Amino acid sequence: MPFGLIKYGLSSRYPVIRKFPARPELKPRYDVVIIGAGGHGLATAYYLAKHHNITNVAVVDKGYVGGGNTARNTAIIRSNYLTPDGVKFYDASLRLFKDLSHELDFNIMYSERGHLTLAHTDAALRTSRWRAEVNKHLGIDSEVVSPEEIARIEPTLNLSPNVRYPILGALHHRPGAIARHDAVAWGYAMGAAERGVEIHPDTEVTDILVEGGAATGVETTRGTVRCGCVVQAVAGSSSLVAGMAGFKLPIRSMPLQACVSQPLKPFLDTIVVSGSLHVYISQSSRGELVMGGATDPYQLYSTRSTLDFTEGLMGHVLELFPFLGNVRVMRQWAGIADMTPDFAPIMGESPVRNYYLDAGWGTWGFKATPACGTYMADMVATGRTPDMIAPFALERFQRFDQFGERGAASVGH
Amino acid sequence: MKIMLCPLNGPRNISEFVCRGDVVDRPDPTACSDEAWADYVFMQDNVAGIVREWWYHVATAYWFIAERNTVTDEIVRTYPASEIFHPPVDHGTDSGGRS
Ligand SMILES: Cc1cc2nc3c(=O)[nH]c(=O)nc-3n(C[C@H](O)[C@H](O)[C@H](O)COP(=O)(O)OP(=O)(O)OC[C@H]3O[C@@H](n4cnc5c(N)ncnc54)[C@H](O)[C@@H]3O)c2cc1C
């Protein structure tokens, strides 16, 4: 059998099908240059081409396509946020996600699981009720459930009162889902490339050309490129690239680590999150338990893994699922999250004209990929900020008008 | 386990410490513009390289300064705040009732 498989793999009758064309030569000028070929940059390119017929677009990346946080996240998709503006935006994204396999004609393995945010303290239960009310008001399926109901939803969860932090209740969000993160980047890349967008991996932006207060091009490791406007979507590198354009962001780059266990038979249907215990866990379609927690405690641009993280995380995982004691951790990794002080993203205009920002996605931006791409494309095409993303402007910090999304975003992703 | 050299307590596990952000000059809140204040409160240099930060040893409530490399995760040097703040920081509060 394995021999047959090798023969199949090497046979010229079954060639590897390229998902998108090999890297073309860089042209001297494009209408739009998008920095960052993660999900966000590629989705923006896709919708620019599809909705606005703008195809003279180059997406440049210093690494390979979708190799940043898009490849590293734990793929949780949900809309049970706390602020009305946040809830509306993430709901729009979740709706796009539901239909994305069809839209891209590429299976992103969208899997609706339900999402439980456990509460172990009165304060956490209060936040759950608050979120449930905001959500219901906006038509989102969220409700507070008791331990008895939790036992029905997720029977393997340890609901014993004889633990350090007994479970008092949870916020149950039925639309909570996971998807195959790489497929999202590839699907958008394929769709964009088919419509004429150029994708340039291994092309690092080293400087932004600004003339008379407006962006006019980028300097790259493969030469200078002029353009009508620039979109920056570089996640953990947001401050560094914004610095090239000459302005600062309210962002700290912090590593966020995650890990997976060896594959197990399916037993965990729901995505389980505990803010108090700093842990979230779901089971992938391969059977691996995907686990993570909060960001590392200090700023860093290094994607090293630490034992502190796994040790701390497993203490909590074992409180929730004690029978996992003998299960092994298979892989561990990190991505660099671009953290804002109000746990909300920054989308829209920047201090430089024709230079659009898509940053501050921290630990929660995968679920935003389709909506972010849609609205960023609208903005670039029309030159106007769509209502849906106006509240996320960078300029909110000048007005001391931050979001209050921490209660719904800090561990849940 | 990562070890940090505390100027007061010697080498300790880094989990005993809290990082409290860059050492920056605070503008005078009564004199500066709203813009300058927002800049001070929210904007970050977020440097990839050597940074100079306030750190805090939780168990002994001791504040000090650390220089570390945010690309390699190396701690370059730690020292008491008095090394650069001399005389000590004036918080602009009235000086009566010193305890
Ligand atoms: C461990 C982990 C778990 C997460 N879990 C979740 C989750 O469950 N749910 C969720 O919604 N979100 C989650 N996130 C957050 C999510 O992954 C990100 O917010 C999202 O993927 C950001 O997408 P992006 O396309 O903006 O960035 P990225 O995918 O990081 O793409 C940015 C690209 O920019 C490129 N780049 C950087 N600098 C330059 C330069 N100078 N020149 C050219 N290119 C450059 C990089 O190479 C990179 O490919 C998680 C993140 C991590 C790290």
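## Ligand shell

Residues are classed here as nonpolar (Ala, Val, Leu, Ile, Met, Phe, Trp, Tyr, Cys and Pro), charged (Asp, Glu, Lys and Arg) or polar (the others, Gly among them). On this basis the shell around the ligand holds 15 nonpolar, 17 polar and five charged residues. The structure is a predicted model, in which local features need pLDDT of at least 70 and side-chain atom pairs count only at pLDDT 80 or more, while totals for chains, interfaces and linings use all residues. Residues are numbered from 1 along each chain as its sequence is written, chains are lettered from A and ligands numbered from 1 in the order in which they are written, and side-chain values use heavy atoms, with hydrogens and water left out.

Of the 37 residues around the ligand (a heavy atom within 4 Å of it), those that come nearest are A:D61, A:N69, A:T70, A:V205 and A:K367.

## Polar contacts and burial

Polar contacts are pairs of N or O atoms within 3.5 Å. A polar side-chain atom of A:N73 lies 3.4 Å from an oxygen atom of the ligand, and a polar backbone atom of A:W361 is 3.5 Å from a ligand oxygen atom. At A:T363, a polar backbone atom is 3.2 Å from a nitrogen atom of the ligand. The ligand taken alone exposes 1000 Å², of which the protein buries 97% (Shrake-Rupley accessible areas, 1.4 Å probe).

Among helices (DSSP H or I, at least four residues) and strands (E, at least two), numbered from the N terminus, the elements giving two or more residues to the shell are α2 (39-52), α3 (69-72) and β13 (252-261) of chain A. The most come from α3(A), with three residues.

## Domains of chain A

An automatic or database assignment divides chain A into domain 1 (29-74 + 182-251 + 342-409) and domain 2 (252-339). Because both domains give residues to the shell around the ligand, the ligand lies between them. Their C-alpha centres are 28 Å apart.

In contact (heavy atoms within 4.5 Å) are 17 residues of domain 1 and 16 residues of domain 2. The two domains bury about 1200 Å² between them, 57% of it on carbon and sulfur atoms; buried area is the accessible area (1.4 Å probe) that two parts lose on being put together, summed over both. In domain 1, A:R72, A:T74 and A:I251 lose the most area to domain 2, together 44% of what that side buries.

## Interface between chains A and B

Chain A contributes 23 residues in contact with 25 residues of chain B. About 2100 Å² is buried between the chains, with 55% given by carbon and sulfur atoms. A:K248, A:Y298 and A:Q299 supply 30% of the area that chain A buries against chain B, more than any other three residues.

Technical notes:
A polar contact is a pair of N or O atoms within 3.5 Å; within protein, one must be able to donate a hydrogen and the other to accept it, and residues adjacent in sequence count only if both atoms are side-chain atoms.
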